[in-house]
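Thank you for making time this morning. I would like to walk you through a structure that is new to most of you, going from the whole chain down to a few single residues.

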Amino acid sequence: MFEFSWLWAWLLLPLPFLVYRFSKPAVQPVAIRLPKLPDGIGQQQPDTRWRKAIMAIAWCCLLGALARPVWYGDPIEINPEHRDMLLAVDLSGSMSIEDMVTSGGDNIDRLTAVKQVLNDFIGKRKGDRLGLVLFANHGYLQTPLTFDRNTVQEQLGRTVLGLIGQSTAIGEGLGIATKTFIDSEAPQRVIILLSDGANTAGVIDPVEAAELAARSNVTIYTVGIGAEEMQQRSFFSTRTINPSQDLDEKMLANIANMTGGQYFRARNPQELENIYQLIDQMEPINTAQQTWRPRQELFRYPLAIALLFSLIIAIMRRRHG
């Protein structure tokens, strides 16, 4: 968007005409009187219309520079304060169990259900910095904290089972997530940890990682995922089993309580979605925003043109007097 910051400057546009119209011309005394002019002096002077036109253009350019033309870019919304939130997702082998029953009656594996629900959750976290930590045999930072929610969604969508082993290093996942907050200046720092098992790998105990998070003012919400009943077919019959028998709910609840968070249980995609909606309410999105518009000053261009035409006028006067 283009506009003039000092639009009043254009009120000076008729000033040269007013000076020319109402001021008295200067009268210079004739020093020499000749009965006959030398050859060439009495010839008609060159047409001054071009000179007047150039002077008018130069004056308009000067006023254009004085009016401060500015080009404003598209508005950019920024959040003066933001929340840092890390999503720690279990990629152990048990996440491949197809015990998550959708509303349509279809069975999908646990990781697919997590991806579907988390994808919608990430899309709604406008104004927050999000990051993604994955853990199995070891934990690692997949996506550093960023305002780019699309990048986090893409990185989550590319995760595959077996990428970093089959075990469950919950302590390492928490430790790496907490370490990511070291340079964070956000007033709120949150970890949402999702797992379907117990800590079976890694060099950091989950309780020790939770203590470190508590000292760093990090709140941890834990989610235990997996159905409690599943029909397993054999060659001769079908039996009911508990696919979540390895889930350490006591440990997950303890981690959450130590940091002022909460533990949730998700037995199907609907419960998982409800949990993330509840977390969304407990950690509301920051709606305070400021709008900034990039601006570019353009006065240098009409000013340069005015100087160029002034130079042309000076040359014309020197040549023709």
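The accessible surface of the protein chain comes to about 19,300 Å², and carbon and sulfur atoms account for 56% of that area. Please keep in mind throughout that what you see is a predicted model. Of the 321 residues in the chain, 38% count as buried. The chain holds nine helices and 15 strands, and if we take the contacts between residues at least 6 apart in sequence, 80% of them join residues at least 24 apart.

Let me begin the closer look with helix α2, which covers residues 49-66. With 18 residues at 1.5 Å a residue, α2 should span 26 Å, and since its end C-alpha atoms are indeed 26 Å apart, the expected and computed values agree. Which residues of α2 are buried? They are Arg51, Ile54, Ala58, Cys61, Leu63, Gly64 and Ala65. As you look along the helix, it may help to recall that an α-helix has 3.6 residues a turn, so residues three or four places apart point the same way.

Just after α2 we come to Arg68, which takes a positive phi of about 55° and which sits in the loop between α2 and β2. The sign deserves a remark, as most residues other than glycine have a negative phi. With a relative accessible area of 24%, Arg68 is partly exposed, because that value lies between the limits of 20% for buried and 50% for exposed.

A second residue of this kind is Asn217, which has a positive phi of about 60° although it is not a glycine. Asn217 is found in the loop between α6 and β10, and its relative accessible area of 57% makes it exposed.

That brings us to α6 itself, residues 206-215, and to the helices that pack against it. How do α5 and α6 lie relative to each other? The axes of α5, which covers residues 170-180, and of α6 come within 8 Å and cross at roughly 15°, and because angles under 35 degrees count as roughly parallel, these two helices are roughly parallel to each other. Their crossing is left-handed. On the α5 side the contact is made by Ile170, Gly171, Leu174, Gly175 and Thr178, and on the α6 side by Pro206, Ala209, Leu212 and Ala213.

Helix α7, residues 249-258, also packs with α6, at an angle of about 15° and with the axes 9 Å apart. That angle makes α6 roughly parallel to α7, while the crossing of this pair is right-handed. Here Pro206, Val207, Ala210, Glu211 and Ala214 in α6 meet Met251, Asn254, Ile255 and Met258 in α7. You may notice that Pro206 is listed in the contact with α5 and again in the contact with α7.

I will finish with Asp280, which belongs to helix α8, residues 269-282. Is Asp280 buried or exposed? Its relative accessible area is 19%, and because buried means under 20%, Asp280 is counted as buried. Asp280 also gives us an example of two residues brought together from distant parts of the sequence: Asp280 and Lys124 are 156 residues apart along the chain, yet their C-alpha atoms are separated by 8.8 Å.

Note on methods. Residues are numbered from 1 along each chain as its sequence is written. This is a predicted model: local features need pLDDT of at least 70, side-chain atom pairs count only at pLDDT 80 or more; totals for chains, interfaces and linings use all residues. Side-chain values use heavy atoms; hydrogens and water are left out. Helices (H or I, at least four residues) and strands (E, at least two) are DSSP runs, numbered from the N terminus. Buried means under 20% relative accessible area, exposed over 50%, partly exposed in between (1.4 Å probe, protein chains only). Contact means heavy atoms within 4.5 Å. Accessible areas come from the Shrake-Rupley method with a 1.4 Å probe; for residues, only the protein chains shown count as cover. The expected span of a helix is 1.5 Å times one less than its number of residues. Axes are lines fitted to C-alpha atoms, for helices over the stretch in contact, and angles run from 0 to 180 degrees between N-to-C directions. Angles under 35 degrees count as roughly parallel, over 145 as roughly antiparallel, 65 to 115 as roughly perpendicular and the rest as oblique. A crossing is left-handed if the near helix is turned anticlockwise from the far one by less than a right angle, and right-handed if clockwise.
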